[in-house]
Amino acid sequence: MSESQLWDDVDDYFTTHLTPEDEALRAALDNSEAAGLPSIAVTAPQAKLLQLLAQIQGARTILEIGTLGGYSTIWLARALPADGRLVSLEYSPVHAEVATRNLARADLDDIVEVRVGPALESLPRLAAENPPPFDLVFIDADKGNNPHYVEWALELTGPGSLIVVDNVVRGGRVADADNPAPDVQGTRTALELIGRHPKLSATAIQTVGSKGYDGFALARVLP
Ligand code: SAH
Ligand code: DHB
Ligand code: MG
């Protein structure tokens with residue numbers, strides 16, 4: 001059996017017993033696939049980690065950068081109280097439209113707002129609204145802009161907030177300083193910025209599973 005087949009089998013086993021998907025989550029994935037969106041959403045076990053982190057954090061407000069079909073958005077929004085708020089930024093009008101439908105079907109349209117456009121345009125607009133600090137930021141869009149997203153996350157959070165960055169390993173390519181790919185360089189610059197930032201305490205964890213070999217970075221804004 002190949003290694004990746006094993007990773008799939010273990011993720012299936014975990015999903016069955018620990019992180020089962022309900023109808024709304026399955027529909028979100030089915031609708032995303034039917035609409036031709038790429039199959040790059042977080043897995044159910046990864047999504048549940050995000051949800052647990054939001055709950056441990058006692059999050060009332062969440063910012064997501066990179067919505068896709070709203071799969072991670074649903075898991076995260078379900079960690080929020082009824083008067084909570086999640087803002088999710090998405091470049092593609094098609095992805096945002098699919099996500100908006102999926103969120104409505106999950107009955108989350110009251111607390112989730114999907115904003116369409118390049119995140120680097122939406123973020124300054126959001127900041128100009130002077131929102132209360134976001135308790136959790138999930139960065140999962142175009143990896144080349146990760147350093148900018150971390151800077152904006154710092155602008156939009158406060159002491160005790162948590163910043164999570166997806167896809168920081170990319171099959172191990174992150175360790176190759178000479179790899180010129182923008183996703184690798186963007187992620188490396190972001191991780192190094194996080195590592196030396198006086199207001200952040202951080203780690204990164206490698207993961208395997210049905211999405212292959214990748215990982216998350218976690219950074220807490222110091223109290
Ligand atoms: N968080 C989702 C997956 C996001 S995939 C989940 O796990 O379910 C990455 C998304 O980022 C894609 O939908 C892509 O269109 C979006 N994206 C890419 N570049 C972007 C940009 N500049 N601004 C905002 N979103 C962007
Ligand atoms: C890609 C993007 C993601 O956010 C992810 O989790 C996996 C893959 C991609 O662009 O290939
Ligand atoms: Mg991702």
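A cavity is a set of grid points where a 1.4 Å probe fits but cannot get out. The views below show a predicted model.

**Figure 1. One cavity in the predicted model.**
The structure holds one cavity of 30 Å³ or more. Its volume is about 40 Å³. The lining is made up of Gln46, Asp166, Asn167, Lys211 and Asp214. By class, two of these residues are polar and three are charged. The lining has no nonpolar residue. Asp166, Asn167 and Lys211 line this cavity, and these three residues also belong to the surroundings of ligand 2.

**Figure 2. The largest pocket and its lining.**
The largest pocket encloses about 530 Å³ of space. It is lined by 29 residues. Ile40, Gly66, Asp140, Ala141 and Asp142 are the closest to the pocket centre. Three elements each give two or more residues to the lining: α4 (71–77), β2 (85–90) and α6 (119–128). The class count is 14 nonpolar, eight polar and seven charged residues. Ligand 1 sits in this pocket. Ligand 2 sits in the largest pocket as well.

**Figure 3. The shell around ligand 1.**
Ligand 1 has 20 residues around it. Gly66, Glu90, His95, Ala119 and Asp140 come nearest. The shell divides into 11 nonpolar, five polar and four charged residues. Gly66 and Asp140 recur in the pocket view, where they are among the residues closest to the centre of the largest pocket.

**Figure 4. Polar contacts of ligand 1.**
Two nitrogen contacts and one oxygen contact are drawn here. At Ala119, a polar backbone atom lies 2.9 Å from a nitrogen atom of ligand 1. At Tyr149, an N or O atom of the side chain is 3.4 Å from a nitrogen atom of the ligand. At Leu68, a polar backbone atom is 3.4 Å from an oxygen atom of ligand 1. On its own, ligand 1 has 590 Å² of accessible area, and the protein covers 89% of that. Ala119 is also one of the residues that come nearest to ligand 1.

**Figure 5. The shell around ligand 2.**
Ile40, Asp140, Lys143, Asp166, Asn167, Arg170 and Lys211 surround ligand 2. Five residues of this shell are charged, one is polar and one is nonpolar. Asp140 is a member of the shell here, and Asp140 also comes among the nearest residues to ligand 1. Ile40 and Asp140 are both among the residues closest to the centre of the largest pocket.

**Figure 6. Polar contacts of ligand 2.**
The contacts shown involve Ile40, Lys143 and Asn167. A polar atom in the side chain of Asn167 is 2.7 Å from an oxygen atom of ligand 2. For Lys143, the distance from a side-chain N or O atom to a ligand oxygen atom is 3.0 Å. Ile40 uses the backbone: one of its polar backbone atoms is 3.3 Å from an oxygen atom of ligand 2. Taken alone, ligand 2 exposes 290 Å², of which the protein buries 69%. Asn167 also lines the largest cavity.

**Figure 7. The second largest pocket.**
This pocket has a volume of about 420 Å³. Of its 23 lining residues, Glu21, Leu29, Ala41, Val42 and Thr43 are the closest to the centre. Helices α1 (3–17), α2 (23–34) and α3 (44–56) each give two or more residues to the lining. By class, the lining has 10 nonpolar, six polar and seven charged residues.

Conventions. Residues are numbered from 1 along each chain as its sequence is written. Chains are lettered from A and ligands numbered from 1 in the order in which they are written. This is a predicted model: local features need pLDDT of at least 70, side-chain atom pairs count only at pLDDT 80 or more; totals for chains, interfaces and linings use all residues. Side-chain values use heavy atoms; hydrogens and water are left out. A residue is near a molecule or strand if one of its heavy atoms lies within 4 Å of it. A polar contact is a pair of N or O atoms within 3.5 Å; within protein, one must be able to donate a hydrogen and the other to accept it, and residues adjacent in sequence count only if both atoms are side-chain atoms. Accessible areas come from the Shrake-Rupley method with a 1.4 Å probe; for residues, only the protein chains shown count as cover. On a 1 Å grid over the protein atoms alone, a cavity is a set of points where a 1.4 Å probe fits but cannot get out, and a pocket is an open set with protein on both sides within 12 Å along at least five of seven lines; lining residues have an atom within 4 Å of a point. A molecule sits in a cavity or pocket if more than half of its atoms lie within 2 Å of its grid points. Ala, Val, Leu, Ile, Met, Phe, Trp, Tyr, Cys and Pro count as nonpolar, Asp, Glu, Lys and Arg as charged, and the others, Gly among them, as polar. Grid points are joined across faces, edges and corners, and a volume is the space filled by probe spheres set on the points. Helices (H or I, at least four residues) and strands (E, at least two) are DSSP runs, numbered from the N terminus.
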